[in-house]
Amino acid sequence: MDIRLQGARVGTCANASLLAAQLLRVRESWTSDVWSRTGKIQLASQFLASMVVGEWVNMGESEACATGMWVHASAGAGTQGSPGLGRWDEGVLEIVGGSREEGRRIRTWLGDVEVASGRKVAHISRYLCERYGFESDTIVTPFTSDYLSSYLSLCPSPGDAVLSFGPMDTLITPAQHYLPTRLYSLFPHPAQDASEKRRYIAMLSSRNADVPRALVRDMYTKSWSAFDRLVAIVPPGGSIGLDDKLFSFWLLQGDSYPLSHVKGIYRFETGIKVNEFRDLRANPRCLLESQVLSFRFRWSKMIATGVLGSNNNRSRGNVAQTPGPTSPQGQNPRSNIASSLGLSFDPYDYSPLPARILVTGAAANFPSVANLAGDVFNAPVFMPSTQVDSAQVVPHRNAPAAGFPGRASLGGAYFARWIWGKERSSAIGGSSTGRGLGGFEEEIRRLHGKRWVASSGTPLRTNVNTPVGGNGGSGANSGTSTPYGHRSGLGSTVFVEEEEEEVEEMERASGILASSVFAGGFADRDLGRDISRMRTLTGSTLDTVTSSGSMGPSTTFTTPDLNSGAGSPGGGVGAVVPQTTTLTPVTALPTSDAEAQIGLAKVAEADVDAFMTYAAIVPEYCRLEGMLCKSLV
């Protein structure tokens, strides 16, 4: 099916991760007996719910939309109490099944869809009651996908964007209208009552995420600490110059529109395609910039559709908002700037961008990545305090450390608490006890605020090893993460990564550690900076660091022991001093009480100057991406 047609019909941008695409692959690639013996299709979340209930559980409409085969009826959108009734798209089912008859068969496999999400599914199964002692009236709330549960755990506001790094990077934000296109995927909010105005979630995704990052690490650094260091010291665009920026696109597998047909690794220097950068150190930063700038570009295209609603709720607290001047003809100069750059939006205008970036995932544990996200979007970056503390134990894994909650499980717990409160309110005849004061996000914030007041402003516990009433960890104004004193076992260990010698040799060969002289003829000591402390600064604002673009191809990454024969200071000839560097994850900055109440910690500030630097890069990035989409390179 044409991508544009599918996006308009089912509200989901076509990609290989959709259930529809996976079913099509099973039918075309697997043996025929697998297809013929299939009798039921369930997503992982529905399968787990069915095991708890003891009978088949229907999937929710949010997950049905994510299959790429469900048509959401928005007739009731914008009104209260009248959600539209969706349906399985017969055209898509016919394409997936290969015939109309097989399409109807897939329809029976999928079953019905539960449109109303704000109520219980059923009671727990009798087997679990007898086996583990559950009460027979224990309710089971709807299960949902991990990325939607993670979104719910953060309770985002209308002006927020949730940037999740993982095997598939996603940027998710609240949406007010149902306007499906191929530019993004659109789902009904998984936690909303029938009496609420219909709300939606818009998602941008990229399948080229953790795999390219791990590949670049293995090819150029061999460790995550060296990867983070290179991202921090290399200036924006891989070069200190304004006209010689470096760009890279690591498209190892088919991605979402408009890069669905593009595969390969592409690098550009001064607008020309090259096989490798002259300075190999630029690869980690250029990869991350490409991944984040892609979301920046697609966000601007998405917001132009009006799906997110008005811009009134996107208050930018970091800078004063003043209306732009108008030309004598009544035309806004911003539109003239956009047209002169060949874009449909003004890259220097940050008012349509998110007011806050909420980050999750292992890549966000590195200070350079968190700073980069804040610089590209000119917004403060917040991270769950549970992840900040977990990163001090295991900073390079998506799964949390032992004793720390996962975001998906926490979001599911919030969802269950919200439905339990609604059920309890109904059971006692509508009294004020247990009654929520609004929608899901409002109710969870109310509960956190109530706990905050009752505990006299004590931050949330971030792990089960922290004693009640002990150190709050990365809460408001802590400035640091939870100490290791209260942890046991794995929690008392800080992982130290080896294999740093090649990076030290690379930096010596480039003159960074030896002389620390930058382009422009001045040394780093003249700036009053210490190169060893550069990791604590905002990496993308270090515009005085050069990537030595005039260097020839480097061999330091493939020959880490290039200077192994050199004597160490005070040592004999041939002695090598082993140098190891601790992988330093993000730490919490001073955070306001409003964020600390719901378990968020600020990890990066907005930087207008760095944002303007990236705004100047956006037009060239868009031009090169357009060339890739048109197969011109």
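The side chains of Arg107 and Asp112 meet in a salt bridge, with 3.4 Å from N to O. That is a good place to start exploring this structure, which is a predicted model. Side chains of opposite charge can pair when their charged atoms come close. How open to the surroundings are the two partners? Arg107 counts as partly exposed because its relative accessibility is 32%, and Asp112 is partly exposed too, with a relative accessible area of 47%.

## Charged pairs

How many salt bridges does a search of the whole structure find? The search gives 22, and three of these pairs are set side by side here.

| Pair | Closest N to O distance |
|---|---|
| Arg107 and Asp112 | 3.4 Å |
| Arg126 and Glu130 | 3.8 Å |
| Asp193 and Lys422 | 2.2 Å |

Take the middle row of the table. Arg126 and Glu130 belong to one helix, α8, which covers residues 126–132. The two residues are four positions apart, about one turn of that helix. Are Arg126 and Glu130 buried or exposed? Both of them are exposed.

Now look at the last row, where Asp193 forms a salt bridge with Lys422 at 2.2 Å between the closest N and O atoms. Asp193 sits in the loop between β9 (185–188) and β10 (200–206), while Lys422 is in helix α16 (residues 407–427), so this pair ties together parts that are 229 residues apart in sequence. Asp193 counts as partly exposed because its relative accessibility is 22%. Lys422 is likewise partly exposed, at a relative accessible area of 24%.

Salt bridges can also be linked to one another. Asp160, Arg356 and Glu595 are joined in a network of salt bridges.

## Spaces inside

Next, let us turn to the cavities. The count comes to seven cavities of 30 Å³ or more. The largest cavity has a volume of about 200 Å³, and the second largest has about 40 Å³.

Which residues lie nearest the centre of the largest cavity? They are Ser206, Leu251, Asp255, Leu259 and Ser294, out of 18 residues in the lining. By class, this lining has nine nonpolar, six polar and three charged residues. Strand β11 (246–251), helix α12 (282–303) and helix α20 (608–629) each supply at least two residues of it. Helix α12 gives the most, with six residues.

The second largest cavity is lined by Leu246, Phe247, Ser248, Cys286, Glu289, Ser290, Leu293, Ile617 and Tyr621. Its lining has six nonpolar, two polar and one charged residues. Here, β11, α12 and α20 again each supply at least two residues. Helix α12 gives the most to this lining as well, with four residues.

## A nonpolar patch on the surface

Finally, have a look at the outside of the model. Val211, Leu215, Met219, Leu252 and Ile265 form a nonpolar patch on the surface, and together they have about 360 Å² of accessible area. Which helix gives the most to this patch? Helix α10 (residues 210–220) does, with three residues.

Leu252 is another member of the patch, and you can find it in the loop between β11 and β12 (264–269). Leu252 counts as partly exposed because its relative accessibility is 34%.

Definitions and conventions: Residues are numbered from 1 along each chain as its sequence is written. This is a predicted model: local features need pLDDT of at least 70, side-chain atom pairs count only at pLDDT 80 or more; totals for chains, interfaces and linings use all residues. Side-chain values use heavy atoms; hydrogens and water are left out. On a 1 Å grid over the protein atoms alone, a cavity is a set of points where a 1.4 Å probe fits but cannot get out, and a pocket is an open set with protein on both sides within 12 Å along at least five of seven lines; lining residues have an atom within 4 Å of a point. Grid points are joined across faces, edges and corners, and a volume is the space filled by probe spheres set on the points. Ala, Val, Leu, Ile, Met, Phe, Trp, Tyr, Cys and Pro count as nonpolar, Asp, Glu, Lys and Arg as charged, and the others, Gly among them, as polar. Patches are made of residues with over 30% relative accessible area and no salt bridge: like charges are joined within 9 Å, nonpolar side chains (Val, Leu, Ile, Met, Phe, Trp, Tyr) within 5 Å. Accessible areas come from the Shrake-Rupley method with a 1.4 Å probe; for residues, only the protein chains shown count as cover. A salt bridge is a side-chain nitrogen of Lys or Arg within 4 Å of a carboxyl oxygen of Asp or Glu. Buried means under 20% relative accessible area, exposed over 50%, partly exposed in between (1.4 Å probe, protein chains only).
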